[in-house]
Amino acid sequence: DRLVVSPGIGFRWGGVAGYDQAASEIMPHAWKGGPQTELLMRQLADMDDGGLVVIAAPENPYRCPPAPYERACMIAHYLQTHGKGRSKILILDAKDKFTKQPLFEQGWRRFYPRMIEWIPGSKGGAVTEVDPKAMTVRAKAGEFKAAVANIVPPQSAGRIAIDGGLANSDGWCEVDAWTMQSRVHEGVHVVGDACVPGAMPKSGFAANSRAKN
């Protein structure tokens with residue numbers, strides 16, 4: 001009588017020029033656990049001290065809004081504690097603000113001074129093109145040669161939601177915020193990150209809290 005689906009997210013390959021599934025094997029997104037996160041870890045372990053790590057953060061919506069900035073902290077801590085403290089982390093962001101920004105920036109100044117730099121969209125931070133062979137990342141702010149490039153591409157609901165006709169033209173599933181029932185197909189309830197913003201933030205904490213209600 002009822003169908004509950006949890007499609008998760010998919011990636012909008014081509015949302016950044018030059019970035020497709022093949023490119024992600026050189027410049028990992030690491031936005032799904034498994035081989036991608038392992039690849040990013042190996043690249044960080046292999047990079048020389050003084051190298052540049054570029055993190056490309058997409059425009060909203062995407063899975064786990066604070067994650068690119070949490071990741072910058074984790075990478076900085078790893079580099080500091082593994083003899084690579086001269087390395088730099090550059091966050092190229094399509095947005096002009098992000099979740100808990102003042103707290104992150106305070107933490108960066110306190111624990112990783114001069115190690116993490118954030119360039120917002122209004123200052124040319126949005127990544128427009130990548131070249132995996134040359135390991136370059138381009139934005140209006142400039143072209144950057146990366147030792148490690150963590151490119152988080154624009155996202156959508158998972159492929160099964162799109163193929164099943166549950167997604168809107170933006171690639172996300174519109175639902176009733178209280179029942180999570182699809183606004184397209186009666187009797188189908190969509191839960192998790194596939195839903196449009198407003199129904200629920202795309203974070204594990206929000207999902208856990210909502211489930212208890």
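Student: How many aromatic pairs does a search of the whole structure find?

Tutor: The search finds ten aromatic pairs, and keep in mind that this is a predicted model.

Student: What makes the pair of phenylalanine 98 and phenylalanine 104 tilted?

Tutor: Their planes stand at 55° with the centres 6.0 Å apart. Centres within 6.5 Å make a pair, and planes under 30 degrees apart count as stacked, over 60 as edge-to-face and the rest as tilted. An angle of 55° falls in that remaining range, so the pair is tilted.

Student: Why is the pair of phenylalanine 98 and tryptophan 118 called edge-to-face?

Tutor: Here the centres are 5.2 Å apart and the planes are at 75°. The cut-off for edge-to-face is over 60 degrees, so the pair of phenylalanine 98 and tryptophan 118 earns that name.

Student: What makes you say that this pair ties together parts that are apart in sequence?

Tutor: Look at where each ring sits! Phenylalanine 98 is in the loop between strand S4 and helix H3, while tryptophan 118 belongs to strand S5, so the pair joins parts 20 residues apart in sequence. Both phenylalanine 98 and tryptophan 118 are buried. Ring pairs also link Phe98 and Trp118 with Tyr69, Phe104 and Trp108 into a cluster.

Student: Now to another residue. Why does serine 182 count as buried?

Tutor: Its relative accessibility is 6%. Buried means under 20%, so serine 182 qualifies.

Student: How do you know that the side chain of serine 182 makes a polar contact with histidine 185?

Tutor: The side chain of serine 182 reaches the backbone nitrogen of histidine 185 at 3.0 Å. The limit is within 3.5 Å, so this counts as a polar contact. A polar atom of the same side chain also lies 2.9 Å from the backbone nitrogen of valine 184.

Technical notes. Residues are numbered from 1 along each chain as its sequence is written. This is a predicted model: local features need pLDDT of at least 70, side-chain atom pairs count only at pLDDT 80 or more; totals for chains, interfaces and linings use all residues. Side-chain values use heavy atoms; hydrogens and water are left out. Helices (H or I, at least four residues) and strands (E, at least two) are DSSP runs, numbered from the N terminus. Buried means under 20% relative accessible area, exposed over 50%, partly exposed in between (1.4 Å probe, protein chains only). A polar contact is a pair of N or O atoms within 3.5 Å; within protein, one must be able to donate a hydrogen and the other to accept it, and residues adjacent in sequence count only if both atoms are side-chain atoms.
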